[in-house]
Amino acid sequence: MMYWIVFAFFTTAETLTDIVLSWFPFYFELKIAFVIWLLSPYTKGSSVLYRKFVHPTLSNKEKEIDEYITQARDKSYETMMRVGKRGLNLAANAAVTAAAKGQGVLSEKLRSFSMQDLTLIRDEDALPLQGPDSSPTQPWQPPGYHGLRR
């Protein structure tokens, strides 16, 4: 665990130092050697740096760190509640708008199928219910249809 904490600090510092020191001769080779020194079980470089620098600093700043964590938790809770309420309001407004528009479309479709619209169809446009050669007692059948066969 000590290695990862020290390595996280190194990675953070590396982003700034790469911009400034990348022109320095053997800079990248020194970085590789430093990472090997941190990782090596023989030198225990990360353990040395952690015990000398990181742990004492974290111990001295423990109360401040805890206060920042508490403030961040409270602010994040407030932010999530505010964003959640906005999201629910937007979803409710979208649902009401969709329902209102959908109701208008549905009523137009139902009105087009109503009996008033069917009375507007002229008699000559209506489909015949019986064929020209069939008698009124027998229903009209399409050509080639001979009833159900068993």
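**Figure 1. Tyr 3 and its partners.** Apart from neighbours within four places in sequence, Tyr 3 is in contact with Val 35, Leu 38, Leu 39 and Ser 46. Keep in mind that what you're looking at is a predicted model. Tyr 3 also belongs to the largest nonpolar core, which has five residues: Tyr 3, Val 6, Leu 38, Tyr 50 and Val 54. Two helices, helix 1 (2-21) and helix 3 (45-60), each bring at least two residues to this core. As background, nonpolar side chains tend to be buried together in soluble globular proteins.

**Figure 2. The whole chain, before we zoom in again.** What does the secondary structure of the protein chain come to? Five helices and zero strands. If you start from the N terminus and walk along, the elements read α-α-α-α-α. The protein chain has 150 residues, and buried ones make up 9% of them. Now take the contacts between residues at least 6 apart in sequence: 43% of these join residues at least 24 apart.

**Figure 3. Helix 1 against helix 2.** How do these two helices sit, with axes that cross at roughly 175° and come within 12 Å? At that angle, helix 1 is roughly antiparallel to helix 2. On the helix 1 side, the contact is made by Tyr 3, Val 6, Phe 7, Phe 10, Glu 14, Thr 17, Asp 18 and Leu 21. Facing them from helix 2 are Tyr 27, Lys 31, Phe 34, Val 35, Leu 38 and Leu 39. Sort the residues of this contact by type and you get 10 nonpolar, one polar and three charged.

**Figure 4. Lys 31, a charged residue in helix 2.** You'll find Lys 31 in helix 2. Is Lys 31 buried or exposed? Its relative accessible area is 15%, so Lys 31 counts as buried, the cut-off being under 20%. Look at what surrounds it: leaving out neighbours within four places in sequence, Lys 31 is in contact with Phe 10, Glu 14 and Asp 18. With Glu 14 there is something extra, since the side chains of Lys 31 and Glu 14 are joined by a polar contact of 2.6 Å.

**Figure 5. Phe 26, in the loop between helix 1 and helix 2.** This close-up moves to the loop between helix 1 and helix 2, where Phe 26 is found. Which side of zero is its phi on? For Phe 26, phi is near 65°, a positive value in a residue that isn't glycine. Phe 26 has a relative accessibility of 60%, so it counts as exposed; the cut-off for that is over 50%.

**Figure 6. Helix 2 against helix 3.** Helix 2 (residues 27-39) packs with helix 3 at an angle of about 80°, and their axes are 5 Å apart. The two helices are therefore roughly perpendicular to each other. From helix 2, Phe 34, Trp 37 and Leu 38 make the contact, while helix 3 offers Gly 45, Ser 46 and Leu 49. By type, the residues of this contact split into four nonpolar, two polar and no charged.

**Figure 7. Thr 43 and Lys 44, in the loop between helix 2 and helix 3.** Both residues sit in this loop, Thr 43 as well as Lys 44. Start with Thr 43, which counts as partly exposed at 37% relative accessibility. Which residues does Thr 43 touch, leaving aside neighbours within four places in sequence? Trp 37 and Val 48. The side chain of Thr 43 reaches the backbone oxygen of Trp 37 at 2.8 Å. As for Lys 44, it counts as exposed, with 52% relative accessibility. Lys 44 has a phi near 50°, which is a positive value in a residue other than glycine.

**Figure 8. Helix 1 against helix 3.** Here the axes of helix 1 and helix 3 come within 9 Å and cross at roughly 70°. That makes helix 1 roughly perpendicular to helix 3. Which residues make the contact? Helix 1 contributes Met 2, Tyr 3, Ile 5, Val 6 and Phe 9, and helix 3 contributes Ser 46, Ser 47, Leu 49, Tyr 50, Arg 51 and Val 54. Sorted by type, the residues here are eight nonpolar, two polar and one charged. Some names should ring a bell: Tyr 3, Val 6, Tyr 50 and Val 54 are among the residues of the largest nonpolar core.

Notes: Residues are numbered from 1 along each chain as its sequence is written. Side-chain values use heavy atoms; hydrogens and water are left out. A nonpolar core is a set of buried Ala, Val, Leu, Ile, Met, Phe, Trp, Tyr and Cys residues joined through side-chain atoms within 4.5 Å. Buried means under 20% relative accessible area, exposed over 50%, partly exposed in between (1.4 Å probe, protein chains only). Helices (H or I, at least four residues) and strands (E, at least two) are DSSP runs, numbered from the N terminus. Contact means heavy atoms within 4.5 Å. Axes are lines fitted to C-alpha atoms, for helices over the stretch in contact, and angles run from 0 to 180 degrees between N-to-C directions. Angles under 35 degrees count as roughly parallel, over 145 as roughly antiparallel, 65 to 115 as roughly perpendicular and the rest as oblique. Ala, Val, Leu, Ile, Met, Phe, Trp, Tyr, Cys and Pro count as nonpolar, Asp, Glu, Lys and Arg as charged, and the others, Gly among them, as polar. A polar contact is a pair of N or O atoms within 3.5 Å; within protein, one must be able to donate a hydrogen and the other to accept it, and residues adjacent in sequence count only if both atoms are side-chain atoms.
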